[in-house]
Amino acid sequence: MKGHESKMPRMEDILNLPVQDPPCTEFSAADIKWNVLLVSVLSQGGRDLKEVSANQGSMDILSIHYTGVHMVLKITEIVSLVLGMSQISNLPQGREADQDAVGTRAMYAPRISEELRQKVMSMLYVGISLDNIIQHHMEVVQEHGGPHNRDDFLTRNDVRNIERVIRNTSHELHIDDECSVKVWVQRHQKHVFYFQDASGSEPFLLGIQTDWQLQQMLHYGHNGSITSHSTFGSKKLKYPLSTLLVFDSSQNAIPIAWVITSSLIGQDSHKWIGSLAERIRTKDPRWRLNAFLVDDPSFGISVVRDAFQCRVLLCVWHVRRSWIRNLLKKCCNIDVQREMFKHLGWILYSSRSGPNVMDAVEEFLEIFVDQSAFMDYFKSRWLPYMEMWVGGIRSLPVVGPEPHAAIESYHLRLKYKLFKEQHANFWPRIDWLIHSLTTEFHSLYWLDQYTIETGYLPNIRDESFSSNAWYQALHIPDVDVILDEQNLQLAKVISQTDRNLAYAIWNPGSEFSLCDCHLSSQGNLCKHVIKVAMICKNRQVARPLLAAQIYRQTLLSLLHNPPDDPVVLDHAISSATRLQQDIKGLEDLSNSGLLQQLPSEINSQIADNALFFARSH
Ligand SMILES: [Zn+2]
């Protein structure tokens with residue numbers, strides 16, 4: 001503390017220095033008007049500034065000047081450049097940086113931290129102006145009690161430099177897409193958790209996870225769930241994109257990893273899933289995943305179980321979406337659309353009650369034989385996979401419709417951002433896809449979480465983040481749902497904006513529900529469908545779960561027909577034990593909105609169907 005008083009006048013002198021505004025953003029010593037005082041400050045490597053400010057509360061003075069007088073910043077920049085042995089040439093005096101000043105690096109480091117750089121970059125990518133970035137930064141610095149380190153002295157030049165980097169960055173790092181991707185991978189090793197170049201019989205496989213995504217996975221994935229959104233853009237992109245998502249506190253799906261592969265999603269999942277699990281365990285060995293939701297039965301279920309030691313559930317969101325979108329396009333009668341949609345749901349669940357899936361499909365094709373446009377689509381796109389899907393539904397618990405809404409929001413945002421017509425030329429390039437995902441698209445999600453965590457920049461937040469139907473459904477009061485438990489064919493939800501209006505929901509409680517509101521009529525999931533599904537689930541808490549019924553059935557058949565082979569018996573017992581563990585976990589999932597419970601009406605319809613099949617065959 002000794003001797004600081006004598007330095008105080010110098011601090012004041014510094015702050016009284018006239019503001020100099022060099023002619024351009026990059027300036028050298030020749031552009032500065034030098035005087036004895038300025039040179040003396042520089043020759044001491046800014047030590048005086050640091051000591052005086054730290055000990056005499058002069059931070060406030062500095063911060064006042066930070067907002068009003070650019071000179072202090074210019075000095076800071078110059079001092080930091082000197083300390084960083086940077087480009088300033090022809091410095092009149094004090095050419096050598098003071099060795100004692102090494103400890104002041106935190107304050108006068110030549111560059112801002114990587115973290116702040118990423119933050120500014122994200123802000124620029126979402127379209128926040130330079131002025132607003134500086135203003136926001138000053139607010140943040142003021143709030144935490146004034147500047148303490150180099151980051152707090154973020155200058156317009158820092159932002160301009162980052163802006164320039166963004167402007168000069170192209171997705172095309174090489175004219176050849178393949179080479180371009182390799183260069184990207186080379187430069188972003190930290191964000192690549194798996195890379196395999198296509199060669200011979202080996203498919204192309206790239207797994208991307210940024211630091212920020214890893215943080216989100218640690219935060220929201222712990223004791224939570226991860227869901228896959230796979231094979232996006234298989235028609236437009238060179239290779240389809242798969243995303244792993246977590247759900248935040250507003251029920252939004254956040255992308256925590258991207259996988260681009262030329263093979264089928266399940267085919268090589270064993271290669272990258274292990275790497276990803278390893279990566280997260282290295283960060284936090286106590287990290288535990290509750291459930292992994294696969295959206296394709298061929299995903300590699302045992303690989304997921306091994307890697308994450310968690311329950312695996314099946315999510316039929318994209319089956320639902322494909323079916324309803326095609327029904328809307330290919331059948332013009334709304335009643336027929338509803339009937340067919342319901343029937344398609346029965347086919348998926350049919351095998352749970354007995355009949356052969358192909359018999360159920362056959363019946364469907366016969367009943368709706370006149371809907372040839374849809375049938376052609378169904379036969380070519382789905383028929384070859386129906387056995388696999390039904391098998392998946394038979395062996396895995398199915399997630400309820402709530403997360404479907406969050407997945408759908410993510411899907412729509414991805415589509416909106418990537419498939420703008422102006423990008424059409426780039427769709428066949430993988431480097432473009434990587435670049436788009438890791439810059440602009442990534443920044444959107446960064447901003448949303450930043451707003452949620454800090455409360456800053458609420459006006460810039462993308463409104464669509466608060467409009468996912470799962471989140472909105474949570475705000476509909478139970479009393480606004482009219483449900484006749486004796487007739488579960490139809491439910492009603494009173495409009496939240498017009499109390500005289502009520503929406504009708506067909507096939508309530510299942511993922512094959514439809515509503516007559518605008519959103520649902522376009523094939524999207526609406527809050528009414530989700531709300532009704534929540535109510536149906538809650539009112540059935542006391543009834544036995546469908547999975548529990550299947551478990552009982554399995555045990556009974558095991559008792560009636562015990563296998564002779566002890567190996568088979570062992571296997572059966574271990575399967576039964578695993579199923580039992582699954583059931584124990586179902587209640588947690590049910591509480592977090594992740595588990596599907598079929599309304600009893602649908603169960604009985606399936607049972608009726610089963611009887612019908614039993615009778616007719
Ligand atoms: Zn609706």
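This report describes a predicted model of a protein, moving from the whole chain to its zinc site and then to selected helices and residues.

## The protein as a whole

The model is a predicted one, and its secondary structure comes to 26 helices and 11 strands. The protein has 617 residues, of which 54% are buried. Among the contacts with a separation of 6 or more, 68% are made by residues that stand 24 or more positions apart.

The surface that the protein exposes amounts to about 28,700 Å², and carbon and sulfur atoms supply 51% of that area.

## The zinc site

A zinc ion is held by four protein donors, namely the SG atoms of Cys515, Cys517 and Cys526 together with the ND1 atom of His528, and these lie 2.1 to 2.3 Å from the ion. The arrangement is tetrahedral because the angles subtended by the 4 donor atoms around the zinc ion run from 108 to 112°, where four donors count as tetrahedral if all angles lie between 85 and 135 degrees. For comparison, the ideal angle for four tetrahedral donors at a metal is 109.5 degrees.

Along the sequence, the donor residues follow the spacing C-x1-C-x8-C-x1-H. Cys515 belongs to strand S11 (residues 514–515), whereas Cys526 sits in the loop between helix H22 (518–521) and helix H23 (527–539), so this pair ties together parts that are 11 residues apart in sequence. Cys515 and Cys526 are both buried.

## The annotated span

The unreviewed UniProt entry lists residues 503–537 as "domain: SWIM-type". In the model, residues 503–537 are 43% helix and 17% strand, and the C-alpha atoms at the two ends of the span lie 19 Å apart.

## Helices H8, H20 and H7

Helix H8 (residues 130–143) contains 14 residues and reaches 20 Å from its first C-alpha to its last, which is close to the 20 Å expected at 1.5 Å a residue. Several of the residues in H8 are buried, including Leu130, Ile133, Ile134, His137, Val140 and Val141. An α-helix has 3.6 residues a turn, so residues three or four places apart point the same way. Just after H8 comes Gly145, which takes a positive phi of about 90°.

Ser443 is found in helix H20 (residues 430–454), and it counts as buried because its relative accessibility is 2%, below the 20% cut-off. When its neighbours within four places in sequence are left aside, Ser443 is in contact with Ser122, Tyr125 and Val126.

Glu114 lies in helix H7 (residues 114–125) and is partly exposed, with a relative accessible area of 46%. Although Glu114 and Asp151 are 37 residues apart along the chain, their C-alpha atoms are separated by 9.7 Å.

## Positive phi outside glycine

Thr231 is not a glycine, and yet it has a positive phi of about 45°. Thr231 is placed in strand S3 (residues 225–232), where it is partly exposed, with a relative accessible area of 35%.

Gln251, which is likewise not a glycine, has a positive phi of about 60°. The position of Gln251 is in the loop between strand S4 (241–247) and strand S5 (253–261), and its relative accessible area of 16% means that Gln251 is buried.

Notes: Residues numbered from 1 in each chain as written. Predicted model: local features only at pLDDT ≥ 70, side-chain atom pairs only at ≥ 80, totals over all residues. Heavy atoms only, no water. Donors = N, O, S within 2.8 Å, 3.2 Å for Na, K, Ca; no water. Tetrahedral: all angles 85-135°; square planar, octahedral: opposite > 155°, others 65-115°. Helix = DSSP H or I, 4+ residues; strand = E, 2+ residues; numbered from the N terminus. Buried < 20%, exposed > 50% of the residue type's maximum accessible area, 1.4 Å probe, protein only. UniProt positions renumbered as here; feature names shortened; annotations may be inferred. Contact = heavy atoms within 4.5 Å. Areas by Shrake-Rupley, 256 points an atom, 1.4 Å probe, with all protein chains shown as cover. Expected span 1.5 Å × (residues − 1).
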